[in-house]
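Reader: I am new to this structure. Could you walk me through it in short steps?

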Amino acid sequence: MPVLQNGIRHLPGYLDRTAQESLVAAVRAVTAEAPLFTPEMPVTGKPMTVRMTNCGPLGWVTDKQQGYRYQSFHPKTGEPWPAMPPPLLDLWQAIAGYPKPPEACLVNFYADDARMGLHQDKDETDFAAPVLSISLGNTCLFRVGGLNRKDPTGSFKLSSGDIVVIGGEGRLAFHGVDKIYPGTSTLLKNGGRINLTLRRVNS
Ligand SMILES: O=C(O)CCC(=O)C(=O)O
Ligand SMILES: [Mn+2]
């Protein structure tokens, strides 16, 4: 497996087309129960360009009033998040190298004009577990830096079926999504990109 700066691993083409299609079906079942919502930046309330939802016991949410956090229920419906689909638990077991199961799967939906600014995933209490990131649909340009915001960054493309493991020394590396390349995948019939991140929140 290629090792990128700070121990971040990129596994290109890990999921074949059939596996990608079954994950999309699983995500559709999740969004039917837990609709995509537009997250807001803490304090300013500025909407993010991605829409998101979650499955698993916990979900990552953010809004103007309470900021970044994990909680056990959907912020709009008040219902518990849907269960994590078994294929995601299997992927975690195969790749994460961490004994306990993931507690949250954040589902990000990027329309072709959405992006995600450089940030760290640091709302978990357990940084020993990696964040496992799955790409479905259109290709994106993914940017990775170091442990400080001002460290130099590099970028590479993530295609449908790719997995990135944000772990080890790179667990707290800054990362983000610069852009989506429209028309680069036939997986999602209306275009865009889905990113799933599996996260262990508590030790
Ligand atoms: O969409 C991606 O590839 C990354 C998403 C991400 O960094 C996050 O949800 O924290
Ligand atoms: Mn992240």
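Author: One term comes before the rest. A cavity is a set of grid points where a 1.4 Å probe fits but cannot get out, and its lining residues have an atom within 4 Å of a point. Keep in mind that this is a predicted model.

Reader: How many cavities of 30 Å³ or more does a search of the whole structure find?
Author: The search covers the whole structure and sets its limit at 30 Å³ or more. The largest cavity holds about 40 Å³ of space. The count at that limit is one.

Reader: Which element gives the most to the lining of the largest cavity?
Author: The lining includes Leu23, Ala26, Val27 and Val30, and also Cys105 and Val107. Two elements give two or more residues to this lining: helix H1 (17–33) and strand S5 (104–110). The top contributor, with four residues, is H1.

Reader: By class, which residues make up the lining of the largest cavity?
Author: Besides the residues just named, the lining has Leu23 in company with Cys55, Pro85, Leu88 and Leu196. Leu, Cys and Pro each count as nonpolar. No polar and no charged residues appear, and the class of the ten is nonpolar.

Reader: Let us turn to charges. How many salt bridges are there?
Author: Side chains of opposite charge can pair when their charged atoms come close. The cut-off here is a Lys or Arg side-chain nitrogen within 4 Å of a carboxyl oxygen of Asp or Glu. By this rule the count is seven.

Reader: How many residues apart in sequence are the parts that Asp121 and Arg199 tie together?
Author: Asp121 and Arg199 form a salt bridge, at 3.5 Å from N to O. Asp121 lies in the loop between strand S6 (116–119) and strand S7 (131–137), and Arg199 lies in strand S12 (residues 193–199), so the pair joins parts whose separation in sequence is 78 residues.

Reader: Is Asp121 buried or exposed?
Author: Buried means under 20% relative accessible area. Asp121 has a relative accessible area of 6%, so Asp121 is buried. Arg199, its partner, also comes to 6%, and the verdict for Arg199 is buried.

Reader: Which residue forms a salt bridge with Arg171?
Author: Arg171 lies in the loop between strand S10 (163–166) and strand S11 (175–180). Its partner lies in the loop between S6 and S7, so the pair ties together parts 47 residues apart in sequence. Both residues are buried. The closest N and O atoms are 2.8 Å apart, and the partner is Glu124.

Reader: Which residues are linked with Asp121 in a network of salt bridges?
Author: Two pairs have come up already: Asp121 with Arg199, and Arg171 with Glu124. These residues belong to one network. Linked with Asp121 are Glu124, Arg171 and Arg199.

Reader: Which strands hold Asp178 and Arg143?
Author: The side chains of Asp178 and Arg143 meet in a salt bridge, 2.8 Å from N to O. Asp178 counts as partly exposed at 25% relative accessibility, and Arg143 does too at 22%. The pair ties together parts 35 residues apart in sequence, because Asp178 lies in S11 and Arg143 in S8 (residues 140–144).

Reader: Over how many bridges do S8 and S11 pair?
Author: S8 and S11 pair in the antiparallel sense. One of their bridges puts Cys140 opposite Ile180 in S11. The number of bridges is five.

Reader: Which strands stand at the edges of the open sheet?
Author: The open sheet has four strands in the order S6-S11-S8-S9, with antiparallel pairing. Its twist averages 25° from one strand to the next. Each edge strand has a single partner, so one side of each is left without a neighbour in the sheet; the edges are S6 and S9 (154–158).

Definitions and conventions: Residues are numbered from 1 along each chain as its sequence is written. Chains are lettered from A and ligands numbered from 1 in the order in which they are written. This is a predicted model: local features need pLDDT of at least 70, side-chain atom pairs count only at pLDDT 80 or more; totals for chains, interfaces and linings use all residues. Side-chain values use heavy atoms; hydrogens and water are left out. Buried means under 20% relative accessible area, exposed over 50%, partly exposed in between (1.4 Å probe, protein chains only). On a 1 Å grid over the protein atoms alone, a cavity is a set of points where a 1.4 Å probe fits but cannot get out, and a pocket is an open set with protein on both sides within 12 Å along at least five of seven lines; lining residues have an atom within 4 Å of a point. Grid points are joined across faces, edges and corners, and a volume is the space filled by probe spheres set on the points. Two strands pair if DSSP finds at least two bridges between them. Axes are lines fitted to C-alpha atoms, for helices over the stretch in contact, and angles run from 0 to 180 degrees between N-to-C directions.
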